[in-house]
Amino acid sequence: MNPIDCPLCRLDQSTVLFAGPHWLAIDAQDPVYPAFTRIIWHAHVKEMSDLTRLERTDLMGVVFEVEAIMRKHLNPDKINVASLGNQVPHVHWHVIGRWHNDPTFPDAIWSTKAQSADERARSAAHRKSLARRLPEYHDALINHLNGLYS
Ligand SMILES: [Zn+2]
C-alpha cells in the first residue's frame with residue numbers, strides 16, 4: 001500500500017498521545033468506547049513475525065505499559081488487547097477498556113448486540129462519566145511513556 005493511500009500514515013496528528021522510537025500511541029477517539037488507545041508500528045509491516053525479536057519486545061512492551069496505566073487510572077472491568085490489521089499493512093494493537101455496561105459487553109467491541117432502551121441509557125451515562133476521567137488517563141499515560149522512552 002502506498003503511504004499516500006494509507007490512513008495510518010496520514011493519521012490526524014492531534015490523536016497522537018506519544019511518539020515512540022518505532023511506534024505511535026494514539027487516542028483512537030472512538031465515540032462509543034472512549035477508553036481506547038491504539039499502538040501503531042511506524043513502518044509498513046504486516047505481521048508481528050515480520051518484526052525482529054527486539055522490535056516485537058519493544059512493541060509488546062508499550063502495549064502492556066498502556067494496559068497498566070489504563071488499569072490504574074480508569075479501572076475498567078476488563079481490558080481487551082487485540083491485533084487485527086486486516087485493512088492496513090501496519091501492525092497495530094488495540095488496548096480497549098471495557099465495562100459491563102458498555103454496548104457489546106461481554107462480546108468484542110466489533111460485534112453487534114442489541115441493547116434495550118435502559119441499557120442504552122446506562123451505557124450513555126457511563127460514557128459521559130468516563131469522558132470526564134479520560135484526560136487524567138491520557139496525561140498519566142503521556143507522563144509514563146515520556147519517563148520510559150524520552
Ligand atoms: Zn501506512
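Start by selecting V62: leaving aside residues up to four places away in sequence, V62 touches G20, W23, A25 and I39. Contact here is a C-beta affair, with the two atoms placed from the backbone and lying within 7 Å.

Two housekeeping notes before moving on. The model is predicted, so local features need pLDDT of at least 70 and side-chain atom pairs count only at pLDDT 80 or more, while totals for chains, interfaces and linings use all residues. Residue numbers run from 1 along each chain as its sequence is written.

**Around V62**

Stay on V62 and colour by secondary structure: V62 sits in helix α1, residues 53-74. Helices (H or I, at least four residues) and strands (E, at least two) are DSSP runs, numbered from the N terminus. V62 counts as buried because 23 other C-beta atoms lie within 10 Å. The cut-offs are 20 or more such neighbours within 10 Å for buried, 12 or fewer for exposed, and partly exposed in between, again with C-beta atoms placed from the backbone.

Now draw a distance from V62 to W23. Their C-alpha atoms are 9.1 Å apart, although 39 residues separate the two along the chain.

**Over to β3**

Next, pick I39 and extend the selection to strand β3, residues 36-41. How many of its six residues are buried? Six of the six, so the strand is mostly covered. Show the side chains: F36, R38 and I40 point one way from β3, while T37, I39 and W41 point the other way. That is the usual habit, since side chains in a regular strand alternate between the two faces of the sheet.

**The strands beside it**

Add β2 (residues 23-27), which pairs with β3 in the antiparallel sense over five bridges. Pairing asks for at least two DSSP bridges between two strands. Zoom in on A25, whose bridge partner in β3 is I39.

Then select β5 (residues 92-98): β3 and β5 also pair in the antiparallel sense, over five bridges. Which residue of β5 stands opposite I39? Look for W93.

**Zooming out**

Show the whole chain and you should find two helices and five strands, following the pattern β-β-β-α-β-β-α along the sequence. The C-alpha trace spans about 45 × 35 × 25 Å along its principal axes. The radius of gyration is 16 Å, which agrees with the value near 15 Å for a compact globule of 150 residues; it is taken over C-alpha atoms, and the rule is 2.2 Å times the number of residues to the power 0.38.

Colour by burial to finish: 23% of the 150 residues count as buried.
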